[in-house]
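Q: I'm new to reading protein models, and I'd like a close look at a single part. Please choose one spot and follow its connections with me.

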Amino acid sequence: MAILVVLTAGLASRSHELNVEKTTIGRLDDNTFQIPDPSVSSHHCEILLRGSDVVVKDLDSTNGTFLNGNKITEGVLKPGQTLRLGQIELRLQTEAGTEIPAPSPAAKKSGEQTTLTKRGGGVSLNELEKGPITGGFDTSSKIFAKKSNKTNKLFLIIGIVVFVVIGLVIAYIFTQVNAH
């Protein structure tokens, strides 16, 4: 059985069993495995079970997908290796001596697959009473900036140029008509 376990503090109690052929990971709740962190893209990557391989495919994420510190667009994740999505680190774990099983066709594709582990990474009642954790991520930095939409900027510039050219043509025609 293959399980993705979140290692990053604050989310360390989260894990997800990989029991379907395709698992999407991202910040939004429509992903199979949701990781609500600003450094994780809305739809960050997908995990594909291909035989005994666990393949990670980046979905053009803003902050990148890294396998053992190396940025990837696609790569094979082996048990014990570290996967980083933005600032969130995960590790692939399997039961000792077992191979990664083929995905179950009957497995549900809902948030019900997310399981919590009892590894002591949770939050105590005293910590909850203290209020929100401070000193988290600086979301104002450029690292977490949304991607710019270059296509919209290009259309805006072309539209302004066309508008100016049309205005100049109308002004030229108007001066020619008044000159006669």
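**A close look at Glu46**

A: Glu46 has a relative accessibility of 10%, so this residue counts as buried (under 20% relative accessible area, with exposed meaning over 50% and partly exposed lying in between, for a 1.4 Å probe and protein chains only). Before we go on, a word about the model: it is predicted, so local features need pLDDT of at least 70 and side-chain atom pairs count only at pLDDT 80 or more, while totals for chains, interfaces and linings use all residues. Residues are numbered from 1 along each chain as its sequence is written, and side-chain values use heavy atoms, with hydrogens and water left out.

Let's start with what the side chain of Glu46 does. Together with the side chain of Lys22, the Glu46 side chain forms a salt bridge at 3.6 Å, N to O; the term means a side-chain nitrogen of Lys or Arg within 4 Å of a carboxyl oxygen of Asp or Glu. Glu46 belongs to strand β5 (residues 45-50) and Lys22 to strand β3, so this pair ties together parts that are 24 residues apart in sequence. (Strands are DSSP runs of E with at least two residues, helices are runs of H or I with at least four, and both are numbered from the N terminus.) Buried or partly exposed: which word fits Lys22? Lys22 counts as partly exposed because its relative accessibility is 43%. The salt bridge therefore joins a buried Glu46 to a partly exposed Lys22.

Now move along to Thr23, which sits in strand β3 (residues 22-26). With 0% relative accessibility, Thr23 counts as buried. Which residues touch Thr23, apart from its neighbours within four places in sequence? Its contacts (heavy atoms within 4.5 Å) are His16, Leu18, Thr32, Phe33, Cys45, Glu46 and Ile47. Our starting residue, Glu46, is thus one of the contacts of Thr23.

The names His16 and Leu18 in that list lead us to strand β2. Four of the five residues of β2 (residues 14-18) are buried, so this strand is largely enclosed by the rest of the structure. Strand β2 has a partner too: β1 (residues 2-6) pairs with β2 in the antiparallel sense, over four bridges. Pairing here takes at least two bridges found by DSSP between two strands. Within this pair, Leu4 is opposite His16 of β2.

Let's go back to β5 and look at Arg50. Arg50 makes a salt bridge with Glu74, and their closest N and O atoms are 3.3 Å apart. Since Arg50 is in strand β5 and Glu74 in strand β9 (residues 74-77), this pair ties together parts that are 24 residues apart in sequence. Arg50 has a relative accessible area of 44% and is partly exposed. Glu74 is partly exposed as well, with a value of 41%.

How many salt bridges does a search of the whole structure find? The search finds three. The one we have not yet visited is formed by Lys78 and Asp53, with closest N and O atoms 3.8 Å apart. This pair links distant parts of the chain, 25 residues apart: Lys78 is in the loop between β9 and β10 (82-85), and Asp53 is in strand β6 (residues 53-58). Lys78 is partly exposed at 41%, and Asp53 is partly exposed at 29%.

One more stop is Asp30, in the loop between β3 and β4 (33-34). At 53% relative accessibility, Asp30 counts as exposed. Setting aside neighbours within four places in sequence, Asp30 is in contact with Thr24 and His43. The side chains of Asp30 and His43 make a polar contact at 2.9 Å; this means a pair of N or O atoms within 3.5 Å, where, within protein, one must be able to donate a hydrogen and the other to accept it, and residues adjacent in sequence count only if both atoms are side-chain atoms. Asp30 and His43 are 13 residues apart along the chain, and their C-alpha atoms are separated by 8.8 Å.

Finally, step back to the chain. It has two helices and twelve strands, and the order from the N terminus is β-β-β-β-β-β-β-β-β-β-β-β-α-α. Of its 180 residues, 31% are buried, Glu46 among them. Among contacts between residues at least 6 apart in sequence, 45% join residues at least 24 apart.
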